[in-house]
There are 2 protein chains.
Amino acid sequence: MSAIQQYTVYLADRSYEIHIESGCLKNIGDACSKLFGQASRCLIISNDVVAPLYLEVLQSSLEASGWQVSQHIMPDGEQYKTIQTWSAILDTLMNRKLSRNEPIIALGGGVVGDIAGFAAACYRRGIPFVQVPTTLLAQVDSSVGGKTAVSHPLGKNMIGAFYQPKLVWIDPDVLQTLAPNQLRAGLAEVIKYGAIWDESFFNYVEQYAEQLHALDAEVVSKVIIASCKYKAEIVMQDETEQGARALLNLGHTFGHAIESMTHYTSYLHGEAVAIGMRMAARLSEQLRYAPSGTEARMVKALEALELPVDVPRFSAEQWLNVMGHDKKNVGSLIRYILLHDIGDAFIAEDVTDKDIHTLIASFA
Amino acid sequence: MSAIQQYTVYLADRSYEIHIESGCLKNIGDACSKLFGQASRCLIISNDVVAPLYLEVLQSSLEASGWQVSQHIMPDGEQYKTIQTWSAILDTLMNRKLSRNEPIIALGGGVVGDIAGFAAACYRRGIPFVQVPTTLLAQVDSSVGGKTAVSHPLGKNMIGAFYQPKLVWIDPDVLQTLAPNQLRAGLAEVIKYGAIWDESFFNYVEQYAEQLHALDAEVVSKVIIASCKYKAEIVMQDETEQGARALLNLGHTFGHAIESMTHYTSYLHGEAVAIGMRMAARLSEQLRYAPSGTEARMVKALEALELPVDVPRFSAEQWLNVMGHDKKNVGSLIRYILLHDIGDAFIAEDVTDKDIHTLIASFA
């Protein structure tokens, strides 16, 4: 399975390619030269876990294609997704005097991609950037679609921009060095696409859980390609989340709250989303939107993927207070993504605080 | 001259109105209610000089229309146009839990408008904002067109976004309280439009300098309306400065350098731009793009407007080093806006460092 897969995200003058190929990390130099012919310098942004593994191959490829490469290495971890870290990247950009047409290359997981993308969005009011995602979560979700951000102490990803990359360059081989819990966290976002739109894909992911954990190349490539297509299609429909794109937040309103209430120390993002999807499934049943058994199916699939499903104990007031800060909300209403069934999600505007009290009590 | 003037900036789903009317500050509440029907809360951002003068009338109008109004008052001055000040606004937005559809209203000059706009661009990846410009410079230039930014210690306006307001609400009456040097600084941007595109407007502004200094209502309204039209037209052609919009930077490459080298303490932005336009005129003659006498005409007009024209003394190396940081540059080339004549500006890509040495030496 070394076939090249390319997929175009069509967004007028912001269109770009997603390129998926085993071993493609070492070919990025030529790809960048084709895209950014005029430019001669670039800045790689990575973190102190990924850089020792993959920076050299990336930099060598770029230099072999004639690029002058600088680096900015940030510390690894969600807790560094801050205005301060972003500001330090801007200092590097200013000191290097990067010009408007010289790209940033983000090498890392979701945090690196989101923060590097937000720096690219703001430096000189926007310079090009390339996503080279190195975690499954970033490959199947966060590297595509142009949501960039940093977090605020009062809420995750609350400060950012919609700013599309010029290229997403995915090498599934890099997953070989990924920690198993990071792999599992990515699988939460993979099965999410099935839960939202495609029951058969949901079933496929559950069925092939073992092969996914073993990093079977063919199965892994297949789910990355499928996930990128789901993501790209919804981004093309609704780039700035005025409507349908919000479906991607299935499990995220609860998930973000879990991350926030546990101070981002107990769960990876994908793990929190898994628990959040379980909660969304139960709420869907509770409000009689989904048939009974929907939650059970969700739990069974998440357990096959070795994802957590136990809801941490907080009061309904705590949940509601934190979710009130979530940026998906319009007015004072909290919007939830719920299920009519596995493979059929929708945006619910009518969930009351009382419903949440009932839900939280049911987990007590 | 109390006629209402409205002008639409057409930018697809980012289109908005510029409303120019004497005394309109007290009517803003209804305008906001029409635009943002769903929302109930807003945040006014102003500074400690403007707020004591105009915050109350603005807030009363909004409250009379049913708005719940919060305030964020920043210190006055270019030196506060920083990531830190912007970050403090984001803290206020987070604490107030403003939602995606609740607007920011920027009441002040260019600094307030730019920084409030950049906060609106980034909070929850973008909430609506309204420009209520209170300086001439902001009314004729910075409030229209969606350039938002903060400055970096190494360069002015280097961190920002292209993010359009939903409304620009201009009350020329507020200029009555404007300091005379601030008024003059605004006139530099007014006559700039003439220098770029319209010799007859250039002559008009020079000829009516006295009425402008005296704040003659009819003449002032006329130049505000004309300036907003010039600005809106070029923004509609080239929203993100890929090409023609760069013409608006006439005098700005030199002007930004002057501001930076004098640490933003000696010249107002418009004053630095005036000197920069004189330098651009001389460089245009030096390179035989413009007929001899072009600089003299520029100097005569700027002096009629009581703007500075003396070039501060720095070495050519200092100029070039600072201008190399200017964000208008592509690759390692510094782009200059030069004149074929008064009323006919163009983008020069071929100015060499040697040309700048010659220019700076000629002012020694």
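The following exchange concerns a predicted model with chains A and B.

Visitor: What radius of gyration does chain A have, set against that of a compact globule?
Guide: In this predicted model, the C-alpha atoms of chain A fill a box of roughly 60 × 40 × 35 Å along the principal axes. For 364 residues, a compact globule would have a radius of gyration near 21 Å, and the value for chain A agrees with this: 20 Å.

Visitor: What percentage of the residues of chain A count as buried?
Guide: Chain A contains 14 helices and 11 strands. A residue is buried if 20 or more other C-beta atoms lie within 10 Å of its own. Of the 364 residues of chain A, the share that meets this criterion is 52%.

Visitor: Which element gives the most residues to the side of domain 1 of chain A that touches domain 2 of chain A?
Guide: Chain A is divided into domain 1 (5-177) and domain 2 (180-362), and 29 residues of domain 1 of chain A are in contact with 31 residues of domain 2 of chain A. On the domain 1 side, the elements giving two or more residues are β1 (5-9), β2 (16-20), α5 (136-142) and β8 (155-162) of chain A. With five residues, the element that gives the most is α5(A).

Visitor: Which element of chain B provides the largest share of the side that touches chain A?
Guide: The contact between the chains takes 32 residues from chain B and 31 residues from chain A. Two or more residues on the chain B side come from each of α3 (83-96), α4 (110-122), β7 (147-152) and β8 (155-162) of chain B. The largest share, six residues, belongs to β8(B).

Visitor: What relation do chain A and chain B have?
Guide: Two copies of a chain are related by a rotation about an axis and a shift along it. Here chain B is superposed on chain A by a rotation of 180° with 0.0 Å of shift along its axis, at an RMSD of 0.0 Å. That is therefore the relation of a two-fold axis.

Visitor: How far apart are the end C-alpha atoms of helix α11 of chain B?
Guide: Helix α11 of chain B covers residues 269-286, and at 1.5 Å a residue its 18 residues should span 26 Å. The distance between its end C-alpha atoms agrees with that expectation: 25 Å.

Visitor: How many of the residues of α11(B) are buried?
Guide: α11(B) is followed by B:R288, whose phi is positive, near 60°. The helix itself is largely enclosed by the rest of the structure, because the buried residues number 16 of the 18.

How values were computed. Residues are numbered from 1 along each chain as its sequence is written. Chains are lettered from A and ligands numbered from 1 in the order in which they are written. This is a predicted model: local features need pLDDT of at least 70, side-chain atom pairs count only at pLDDT 80 or more; totals for chains, interfaces and linings use all residues. Two residues are in contact if their C-beta atoms, placed from the backbone, lie within 7 Å. Helices (H or I, at least four residues) and strands (E, at least two) are DSSP runs, numbered from the N terminus. Copies are superposed by least squares on the C-alpha atoms of residues with pLDDT of at least 70 in both. The expected span of a helix is 1.5 Å times one less than its number of residues. A residue is buried if 20 or more other C-beta atoms lie within 10 Å of its own, exposed if 12 or fewer, and partly exposed in between; C-beta atoms are placed from the backbone. The radius of gyration is taken over C-alpha atoms; the globule rule is 2.2 Å times the number of residues to the power 0.38. Domain bounds come from an automatic or database domain assignment.
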